Amino acid sequence: MADPLLFNPRTYDPAHFDAETRRLLRATVDWFEERGKRKLIEDYRSRAWLADFLAFSAKEGLFATFLTPASAAAGQPGDQSDKRWDTARIAALNEIFGFYGLDYWYAWQVTILGLGPVWQSDNAAARARAAELLAQGEVFAFGLSEKAHGADIYSTDMLLTPDGDGGFRATGSKYYIGNGNAAGLVSVFGRRTDMEGPDAYVFFAADSRHPDYHLVKNVVDSSKYVSEFRLENYPVRQEDVLHTGRAAFDAALNTVNVGKFNLCTASIGICEHAMYEAVTHAHNRILYGRPVTAFPHVRRELTDAYVRLVGMKLFSDRAVDYFRSAGPDDRRYLLFNPMTKMKVTTEGEKVIDLMWDVIAAKGFEKDNYFAQAAIEIRGLPKLEGTVHVNLALILKFMRNHLLDPAGYDAVPTRLDAADDAFLFRQGPARGLGSVRFHDWRPAFDAYADVANVARFREQADALCAFVTTAAPDEAQSRDLDLLLAVGQLFALVVHGQLILEQARLTGLDRDVLDELFAVLVRDFSAHAVELHGKDSATEQQQEWAMGAVRRPVVDEARSARVWERVEALSGAYEMAP
């Protein structure tokens, strides 16, 4: 019997979506399954460009249907009723792409980033052009980062010189730009040479096929085409300009807000495929006359991997609801977004590492998906801002979230076929310190009878006391090393909160929830010990840290029941050869 908590291509039926979404998701799964595992791995190892996949997407209208907002689809011929920007179904497709290979997800992800500045723009001609290119099956690119400056958009060297006719000539290089080899439209960030300060920023649309667009190279050894390109006196017409001034700066940050969310569900897909392989191998390998899974440490590692993966899914699914329900007066997604980027993707690394410790050398074999999963899972915490950048962002919300809740109506599960239009009118990318949150405590109160939820609640309450009585002083507030340790503790509380909210909405098995929170209790204790050891931690902070350490509540019968769920994954799925 398939585990209802994990994606399994054999039984996948996304019945909670509308008919066209179900058809496209299922068609995508079937396309990969029909290609088979051997071809999947061969393309990965030969670094083949994704031409066949993009041809499939164009034929089915996959990208066009999922990535054209309703407002942009309205002007196109034919029935456009299925086109919308729907974060729930975008998340579902991320998971599928991650399951089969991050190269496919990457082409889709950078298309999403490239579209961000366009769908935020008031330039009707550019929006219509983008919708038409999507309908033709084209991919897009996001020309933000540069070799010398990374994503430091304050320092861009892409220079636009006025041409005297209302347009510009653009000269400069961009680096680490996915799809830069094939994009029908590249959203490029630069600055004018005739102005200073924020007013000089410009976002404009370029075409990778233009003779003044020079493709330098692919900067990675992969099927992902992560390009360096250079514009030489490239003509930027007025109709190519997407944003100017501060709006261009905001469009860059708000695009990343939309795009970084996709990393969490890609990570989930990678872990799910790898877990089927790892459990099946371990359970069928005989060592010293017993299956490998008979050893207690193996059961512990695989069970931890399983419940961590379930936690990743619960958190990400609930975060979707806050994205889809966001508005000018509800910007809670601005916390949950870097959480999905930072916390969920680093959990993915832990899941892979736990399984790799079990299957050992098998994880290197060229005929397995696991070998590429072990490599690709590392990339996700490092894309769209490092873990450290996103942790620092999360810290901006800590005091309001923990200590100053506001009243909000309950956010329902959002699987409705609606257009998430607010994501493209987020407004100025500032004011994070004023964002308010609903009270996190009721989510924990609802499961107060679950032993390890109650144990973790003690630690969460202790963190509130820390913020009130032992928070970093002015000097420590400049010590990012110390602050990041505090950020990890806060991130665990937010992680636990949304897991519990989703558990209640879905009726999650209480044994699985208890086992998951046993892991979170251990994690909180480990980060508290790390804080204790920081160079600049005061005696009061050190004392607090050791006082926050807790031992999970052990229940052998509960752990055995959860292990049965893990054991049942053996043979539950294997990709067609």
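## A buried aspartate and its partner

Asp43 is buried, with a relative accessible area of 11%. In this predicted model, Asp43 does not stand alone: the side chain of Asp43 forms a salt bridge with that of Arg35, with N and O 2.6 Å apart.

## Salt bridges across the chain

By the rule applied here, the model contains 56 salt bridges. One of them joins Asp3 to Arg565, and the closest N and O atoms of this pair are 3.7 Å apart. Asp3 belongs to the segment before α1 (19–46), while Arg565 belongs to helix α20 (residues 556–567), so this salt bridge ties together parts that are 562 residues apart in sequence.

How accessible are the two partners? Asp3 has a relative accessibility of 9% and therefore counts as buried, since the cut-off for buried is under 20%. Arg565 has a relative accessible area of 24%, so this residue is partly exposed.

## A salt bridge within helix α10

Arg318 and Asp321 also form a salt bridge, and here the closest N and O atoms are 2.8 Å apart. Both residues lie in helix α10, and because they are three residues apart, about one helical turn separates them. Arg318 is buried, at 5% relative accessible area. Asp321 is buried too, at 2%.

## Helix α5 against helix α10

Helix α10 (residues 296–324) also meets helix α5 (residues 87–100): the two axes come within 9 Å and cross at roughly 150 degrees. That angle makes α5 roughly antiparallel to α10, because angles over 145 degrees count as roughly antiparallel. The crossing of α5 past α10 is right-handed.

Which residues of α5 and α10 meet? On the α5 side they are Thr87, Ala88, Ala91 and Glu95. On the α10 side they are Lys313, Val320, Phe323 and Arg324. The residues of this contact divide into four nonpolar, one polar and three charged.

## A network of salt bridges

Arg324, which takes part in the contact between α5 and α10, is also a member of a network of salt bridges. The arginines in this network are Arg84, Arg324 and Arg414. The aspartates are Asp18, Asp86, Asp416 and Asp420.

Terms used
Residues numbered from 1 in each chain as written. Predicted model: local features only at pLDDT ≥ 70, side-chain atom pairs only at ≥ 80, totals over all residues. Heavy atoms only, no water. Axes fitted to C-alpha atoms, helices over the stretch in contact; angles between N-to-C directions. Helix = DSSP H or I, 4+ residues; strand = E, 2+ residues; numbered from the N terminus. Parallel < 35°, antiparallel > 145°, perpendicular 65-115°, else oblique. Left-handed = near helix turned anticlockwise from the far one by under 90°. Contact = heavy atoms within 4.5 Å. Nonpolar A, V, L, I, M, F, W, Y, C, P; charged D, E, K, R; others polar. Salt bridge = Lys/Arg side-chain N within 4 Å of Asp/Glu carboxyl O. Buried < 20%, exposed > 50% of the residue type's maximum accessible area, 1.4 Å probe, protein only.
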